[in-house]
Amino acid sequence: MSDLPGNGRAAARGGTASRIPRCAPSQRQRQTPTTMDRSPRPKSSFRPVFHERTTDEDDSILTQQLWKLARKTGNLNLSNKALARVPERLYDINEADADSKAVNLEQLTIKEEDAWWNQVPLTNLDLSSNTLTHISPKIANLQQSLTVLTLHDNALVELPPEIGKLEKLMRLNVSHNKLKQLPRETYSLPELRHLNISYNQFNELDPDISDLHMLEFLDAGHNNIQSLPGGIGFLVRLTALLLPYNHIKELPPDLVNMRSLQKLDLMQNDLTCLPEDMGLLRKLECLYLQHNDILELPNFEGNEALSELHASNNFIMTVPKAMCSNLPHLKILDLRDNKITELPDELCLLRNLNRLDVSNNSISMLPVTLSSLAHLISLQVDGNPIKTIRRDIIQCGTTRILKTLHERALAKAKEDGSDIASSTSAAGISVTRLSGGQADDSELPSNYPDRYKLRHTRTLAVNLEELTEVPDQVFQIASKEGVHVVDFARNQLSTLPNGLQHMHDLVTELVLSHNLIGYVPKFISQFTRITFLNLSNNLLSDLPMEFGVLNTLRELNIANNRFQFIPNCVYELQGLEILIASENHIKMLNVSGLRSMPRLSTLDLRNNDIDSIPPTLGNLTNITHLELVGNPFRQPRHQILMKGTEAIMSYLRDRIPT
């Protein structure tokens, strides 16, 4: 075989290889390099998803449809469009375009709304959630019309000085950007009322900010601000000042000149103290001081409107006794994670307190006077070395703790030979006759607040006195002092006192919970200003028809009574927003009645006897908070109830017959 010529060897190999046929060479394999060079691959139109936006792409976002809608409504929303630049034609939106000018009379008769004289100037421009780094000076073209400019969640590093020419601008939101300062011209905006510069890189507030005389809302939180400028007190119209998550160490003295301030947020700063004359902020309602280095609280004399005080995570060691008598409307007091060693007996003077949190302090004893706080529904004392109350009682929660304190107060009173009123007193403090006022008023019984407190708190509150009736003269005096809040919770009243009629044109809040009230008299219809009524924990089974004329009532609490149905008069309350009817014996839902209450947003029907839920309840989209747990119905299942209102309403709508 080795002597065979080359062709023979090839033939021999071919004979052997013929059993496995070879594939024919592909067209690509047959091409010579020269041929391949002459026929390159066609160009692809592929564009990567992530690429730098071109001007044409940004301009295309402002479609003719959006343009016409903006010209018709005065609002233009270009948020979340991935814009890198503002479309240039936007700045000329207030000018009549060529199309509207060239339209002929015949076209106008068909579509007159497109005519330039029927179009409105741009008032609201939303460019938020894009990737803008600059705004063109041409923004000044909108100076005669723009009132709202929204630029949050961009990458802005500066604003043009021309923004100061927007003389009608009322709201400016530039939060979540990379700004270190605003152009000085911004502080000359004559109508600016709302300014949000939070989540930026400001190191200070410009002193010229005090020139914004119309400003009502300022949010400068989540920056790196070290101090506030002197003169900030000139912002006398400001109602909300939000400065959380900065590095402010001291507040300027003239801060207290903001006489309209209602909300002050200073959480997560480096403050060590507050101004002594905080009381000058007479309209202050909410104060947030969490996570600072504050050592003591002021007396808050003059802050009678304060309803929320949050001062957790500081270094506070004592609760000022005077503070307790100066805050009659305080509802939330949060002092957790401080260094407090003792709670004063004067806490009982916080008559409207709903929530008290003193967790994680060094408190060893709770004052028995806490049991006299009729509205206290949350008492948090975990993390304290309390030795006077067993741990298992503390773990049972607020109700059990207060019951224990009340029992000890009664035992102490019995031991001392005093009555119940003094049993909830300590160190000579009466819980019904508030301290800090004038001498006893001879016109009022001794267990009622004096004229001074009535006049300055505008509240008549007498709780835990086992009252079965209230003298008319109490209401007559309260009426003369302009009292508009009446609270007789936790007594023994069997009905509404007749003397209440003297205050029918004054009362806005009426609290009669935890009594023995079996019926509501017809004169309730005379209370034309009432907005809040609490009749919970009584013996009611019905309400008079006259109840339905209380058009100003916004919240009604009839929980823990004997209702077997929601009274028909309740469905006539057109202004009612919150209805709490839990812990009754209600057997069915009247969806048509609930449908007649357009403002109802909260409906609480927990722990009743409802055996079925009509699917049509799901159509009441105005109800945003629905509680149905603790009823005997089988559908919706408990798992759905636990998912919240939206899941419940969706479940019910899916079961409406088509």
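Reader: In strand 17, which residue is the bridge partner of Glu509?

Author: This is a predicted model, so let's read the pairing straight from it. Strand 16 covers residues 509-511 and strand 17 covers residues 532-534. The two run parallel and are joined by three bridges. For Glu509, the partner in strand 17 is Phe532.

Reader: Which strands stand at the edges of that open sheet, and why is one side of each left without a neighbour?

Author: The sheet has eight strands in the order 14-15-16-17-18-19-20-21, paired in parallel. Each edge strand has a single partner strand, so one of its sides lacks a neighbour in the sheet. The edges are strand 14 (459-461) and strand 21 (625-627).

Reader: And by how many degrees are neighbouring strands of this sheet turned against each other on average?

Author: Take the strands pair by pair along the order 14-15-16-17-18-19-20-21. With direction ignored, the average turn between neighbours is 5°.

Reader: Over to the cores. Which helix gives the largest share of the largest nonpolar core?

Author: That core has 102 residues, with Leu125, Leu287, Phe300 and Leu366 making the most contacts inside it. Helices 5, 8, 9 and 10 are the elements giving it two or more residues. The largest share is four residues, and it comes from helix 10.

Reader: Asp265 is buried, so which side chain of opposite charge is nearest, and how far away?

Author: Asp265 sits in strand 8 (residues 263-265). Beyond its close sequence neighbours, within four places, its contacts include Leu241, Pro244 and Tyr288. A salt bridge would need a distance within 4 Å, and Asp265 has none. The nearest opposite charge is on Lys263, at 5.7 Å.

Technical notes
Residues are numbered from 1 along each chain as its sequence is written. This is a predicted model: local features need pLDDT of at least 70, side-chain atom pairs count only at pLDDT 80 or more; totals for chains, interfaces and linings use all residues. Side-chain values use heavy atoms; hydrogens and water are left out. Buried means under 20% relative accessible area, exposed over 50%, partly exposed in between (1.4 Å probe, protein chains only). Lys and Arg count as positive and Asp and Glu as negative; His and the chain ends are not counted. Contact means heavy atoms within 4.5 Å. A nonpolar core is a set of buried Ala, Val, Leu, Ile, Met, Phe, Trp, Tyr and Cys residues joined through side-chain atoms within 4.5 Å. Two strands pair if DSSP finds at least two bridges between them. Axes are lines fitted to C-alpha atoms, for helices over the stretch in contact, and angles run from 0 to 180 degrees between N-to-C directions.
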